[in-house]
Amino acid sequence: MPCRLLHFVRHLAVLCALFVPLPSLAAQMQFDVDVRYLYGDWHWGDSQMRSATGLAGPEARFILGDRWSARLTYLTGDFAAVGAVPLDDPVYHSRRNYSLDDRRETLDAAFEFHPLPFLTAALIYRFARYEHASRIELDSDQRLYGEGLESTVAELSAWGLGVRSRIRLVEGLHLGGEAAWFPRVRTEASGRYQFTMLYRSDRLDERWYGQFEPTGLRAGAEITYDLDVLPATLATGYLVERFDDDDARREGWLSDYLAGGGRDWRKDHLQGVTLRAGFHL
């Protein structure tokens with residue numbers, strides 16, 4: 001975990017201690033541990049080169065009295081996919097065959113305030129790292145005429161605001177909803193393309209580095225069931241995340257390069273089904 005995240009968690013603990021009197025801290029504190037899993041579609045970079053998403057990891061929540069809580073979530077996953085993207089060649093039907101390996105890890109830390117029993121407001125810090133590696137073959141109906149490698153690494157950090165709600169449906173069954181907004185996501189990304197044309201002397205070895213600040217939105221819904229025999233809950237839901245850099249004022253070759261040819265490394269779209277098992281301590 002990066003040092004800046006450790007500093008943030010330390011400061012978060014100090015803030016929690018300021019709002020809850022120390023003598024009553026132990027009596028009011030509750031510790032929840034969840035195991036969260038997400039499966040769905042992840043579109044980052046080329047919209048046609050997509051991978052199925054499987055993210056898993058722990059989520060911990062410290063509940064301090066009736067008004068305050070702190071939450072920490074870490075999810076990670078490795079993905080692989082194969083496919084073909086058709087190129088503009090009606091005669092020989094050229095295509096770009098690819099096999100990709102991606103890795104995604106995200107950490108969310110939130111300081112939460114509960115003004116009402118069914119409503120929560122949160123200040124959220126998010127850190128994420130993405131790695132992409134793809135092996136490319138330029139093929140046609142006649143022959144294989146090129147091959148190459150593409151790789152990209154991106155890191156982002158952002159502060160955001162969020163709200164969550166929890167409504168009781170029947171005994172032991174609750175419906176929850178979440179929405180979060182990240183107005184300024186500081187992102188750094190770098191990539192490298194290496195291609196060789198098998199029947200020509202053309203070779204490509206390009207590297208790029210960019211900084212951009214997309215905005216982000218996250219929304220989700222979840223149904224939770226409280227078990228009677230154990231201090232635990234089971235939940236399932238649906239989550240959508242969208243990060244887009246649509247600033248029309250950005251101009252230049254790098255902005256055009258990152259968004260060219262159906263590929264846009266400045267966009268990150270994730271949606272999928274979530275499963276969660278939680279335990280109360």
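**Notebook: strands, core and salt bridges**

I began at Y37, which I located in strand β1. The model I am reading is predicted. I looked up the exposure of Y37 and found a relative accessible area of 35%, so I entered this tyrosine as partly exposed. Y37 belongs to a nonpolar surface patch of about 480 Å², together with Y39, Y238, V273 and L275. I then checked which elements supply two or more residues to that patch, and these are β1 (29–46) and β11 (263–280).

**Overall fold**

I counted three helices and 11 strands in the protein. Read from the N terminus, the order of elements is α-α-β-β-β-β-β-β-β-β-β-β-α-β. Of the 281 residues, 42% count as buried. I also looked up the contacts between residues at least 6 apart in sequence, and 67% of them join residues at least 24 apart. For the accessible surface I noted about 15,500 Å², with 60% of it belonging to carbon and sulfur atoms.

**Nonpolar core**

Nonpolar side chains tend to be buried together in soluble globular proteins. I therefore looked for the largest nonpolar core, which has 34 residues. The residues with the most contacts inside this core are W42, W44, L55, I124, Y130, F182 and V185. Strand β7 (residues 173–197) contributes the most to the core, with seven residues.

I took F182 for a closer look. Apart from neighbours within four places in sequence, F182 is in contact with I124, R126, A158, W159, G160, P214, T215, G216, R218 and F243.

**E59 and its surroundings**

Next I turned to E59, in strand β2 (residues 51–64). Is E59 buried or exposed? Its relative accessibility is 5%, which is under the 20% limit, so I recorded E59 as buried. The side chain of E59 makes a polar contact of 2.9 Å with that of T73. Leaving aside neighbours within four places in sequence, I listed the contacts of E59 as D32, V33, D34, R36, R71, L72, T73 and R276.

E59 also forms a salt bridge with R61, and the closest N and O atoms are 3.8 Å apart. Both R61 and E59 are buried. I traced this further and found a network of salt bridges linking D34, R36, E59, R61, R71, E112, R164, E222 and R276.

**Other salt bridges**

Side chains of opposite charge can pair when their charged atoms come close. My search of the whole structure gave 29 salt bridges, and I followed two more of them.

In one, R186 pairs with E213, with 3.9 Å between the closest N and O atoms. Why does this pair tie together separate parts of the chain? R186 lies in strand β7 and E213 in the loop between β8 (203–212) and β9 (215–226), so the parts joined are 27 residues apart in sequence. I noted E213 as partly exposed because its relative accessibility is 31%.

In the other, E241 pairs with R218, the closest N and O atoms being 3.8 Å apart. This pair links distant parts of the chain, with E241 in strand β10 (residues 232–244) and R218 in strand β9, 23 residues apart. I entered E241 as buried because its relative accessible area is 6%. R218 has a relative accessible area of 7%, so I entered this arginine as buried also. R218 had already appeared in my list of contacts for F182.

Notes
Residues numbered from 1 in each chain as written. Predicted model: local features only at pLDDT ≥ 70, side-chain atom pairs only at ≥ 80, totals over all residues. Heavy atoms only, no water. Helix = DSSP H or I, 4+ residues; strand = E, 2+ residues; numbered from the N terminus. Buried < 20%, exposed > 50% of the residue type's maximum accessible area, 1.4 Å probe, protein only. Contact = heavy atoms within 4.5 Å. Areas by Shrake-Rupley, 256 points an atom, 1.4 Å probe, with all protein chains shown as cover. Core = buried A, V, L, I, M, F, W, Y, C linked by side-chain atoms within 4.5 Å. Patch = residues over 30% accessible without salt bridge, like charges linked within 9 Å, V, L, I, M, F, W, Y side chains within 5 Å. Salt bridge = Lys/Arg side-chain N within 4 Å of Asp/Glu carboxyl O. Polar contact = N/O pair within 3.5 Å; in protein donor to acceptor, adjacent residues only side chain to side chain.
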